[in-house]
Amino acid sequence: MRNVVARNSVGIALDPGADGNLVQGNYIGTGPDGASELPNILVGVSILGSDNVVGGLASGAGNRIWFNPRGVRVAATDAAHPALGNSLLSNGLF
């Protein structure tokens with residue numbers, strides 16, 4: 001069963017220090033049907049940490065990240081939090 005992440009400011013936020021997380025198989029910005037528009041306000045996935053994996057190569061591991069103003073944002077916040085080593089794999093972006 002997938003998580004539906006919709007109608008938030010930021011759908012999924014991996015803030016500074018949120019390192020080594022796995023985000024797979026979610027509907028981000030859609031309804032439970034995976035097609036209806038339920039966008040997050042700013043961005044679907046925000047990555048400010050390091051060594052996170054969003055999506056994957058196995059069947060069903062990719063996220064459907066649709067209808068958000070920005071699909072995925074990866075950014076460093078400062079020198080102590082460089083946002084390095086993140087992987088974005090097999091996600092559907094629209």
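**Close-up views of a predicted model**

At 18% relative accessibility, phenylalanine 67 counts as buried, because the cut-off for a buried residue is under 20% relative accessible area. The model shown in these views is predicted.

**Figure 1. Trp66, Phe67 and Phe94 make up one aromatic cluster.** Three aromatic pairs occur in the structure. In one of them, tryptophan 66 and phenylalanine 67 meet edge-to-face, with 5.8 Å centre to centre and 85 degrees between the planes. Phenylalanine 67 also pairs edge-to-face with phenylalanine 94, at 5.3 Å centre to centre and 90 degrees between the planes. That second contact links distant parts of the chain: phenylalanine 67 belongs to the loop between strand 7 and strand 8, and phenylalanine 94 to the segment after strand 10 (92–93), 27 residues apart. The members of the cluster have these relative accessible areas: tryptophan 66 is partly exposed at 22%, phenylalanine 67 is buried at 18%, and phenylalanine 94 is exposed at 64%.

**Figure 2. Arginine 64 places its charged end over the ring of tryptophan 66.** The distance from that charged end to the ring centre is 4.5 Å. Tryptophan 66 has a further contact through its backbone: its oxygen lies 3.1 Å from a polar atom of the asparagine 68 side chain. With a relative accessible area of 22%, tryptophan 66 counts as partly exposed.

**Figure 3. Asparagine 68 is a buried residue in the loop between strand 7 (64–65) and strand 8.** Its relative accessible area is 9%. The side chain of asparagine 68 reaches the backbone nitrogen of asparagine 40 at 2.8 Å. A polar atom of the asparagine 68 side chain also lies 3.1 Å from the backbone oxygen of tryptophan 66. With neighbours within four places in sequence left aside, the residues in contact with asparagine 68 are Ile28, Gly29, Pro39, Asn40, Val43 and Gly44.

**Figure 4. Strands 2, 5 and 8 form an open sheet with parallel pairing.** The order of the three strands is 2-5-8. Strand 2 (10–14) and strand 8 (72–74) are the edge strands; each has a single partner strand, so one side of each is left without a neighbour in the sheet. From one strand to the next, the twist averages 15 degrees. Strand 2 and strand 5 (residues 43–47) run parallel and are joined by four bridges. Within this pairing, valine 10 stands opposite valine 43 of strand 5. Val43 is also one of the residues in contact with asparagine 68.

**Figure 5. A second open sheet consists of three strands in the order 3-6-9.** Its pairing is parallel. Here strand 3 (22–23) and strand 9 stand at the edges, and each has a single partner strand, so one side of each lacks a neighbour in the sheet. Two bridges hold the parallel pairing of strand 3 with strand 6. Valine 23 is placed opposite valine 54 in strand 6.

**Figure 6. Asparagine 52 is buried in the loop between strand 5 and strand 6.** Its relative accessible area is 0%. Two backbone atoms lie by polar atoms of the asparagine 52 side chain: the oxygen of alanine 18 at 3.0 Å and the nitrogen of glycine 20 at 3.3 Å. Not counting residues up to four places away in sequence, asparagine 52 touches Leu14, Ala18, Asp19, Gly20, Asn21, Ile47, Gly85, Asn86 and Ser87.

**Figure 7. Aspartate 51 and alanine 83 have positive phi values.** Aspartate 51 lies in the loop between strand 5 and strand 6 (53–55), and its phi is near 60 degrees, although the residue is not a glycine. Alanine 83, also a residue other than glycine, has a phi of about 55 degrees. Alanine 83 is found in the loop between strand 8 and strand 9 (87–89). With a relative accessible area of 12%, alanine 83 is buried.

Definitions and conventions: Residues numbered from 1 in each chain as written. Predicted model: local features only at pLDDT ≥ 70, side-chain atom pairs only at ≥ 80, totals over all residues. Heavy atoms only, no water. Pairing = 2+ DSSP bridges. Axes fitted to C-alpha atoms, helices over the stretch in contact; angles between N-to-C directions. Buried < 20%, exposed > 50% of the residue type's maximum accessible area, 1.4 Å probe, protein only. Polar contact = N/O pair within 3.5 Å; in protein donor to acceptor, adjacent residues only side chain to side chain. Contact = heavy atoms within 4.5 Å. Phe/Tyr/Trp six-rings, centres within 6.5 Å; stacked < 30°, edge-to-face > 60°. Lys NZ or Arg CZ within 6 Å of the ring centre and 35° of its normal.
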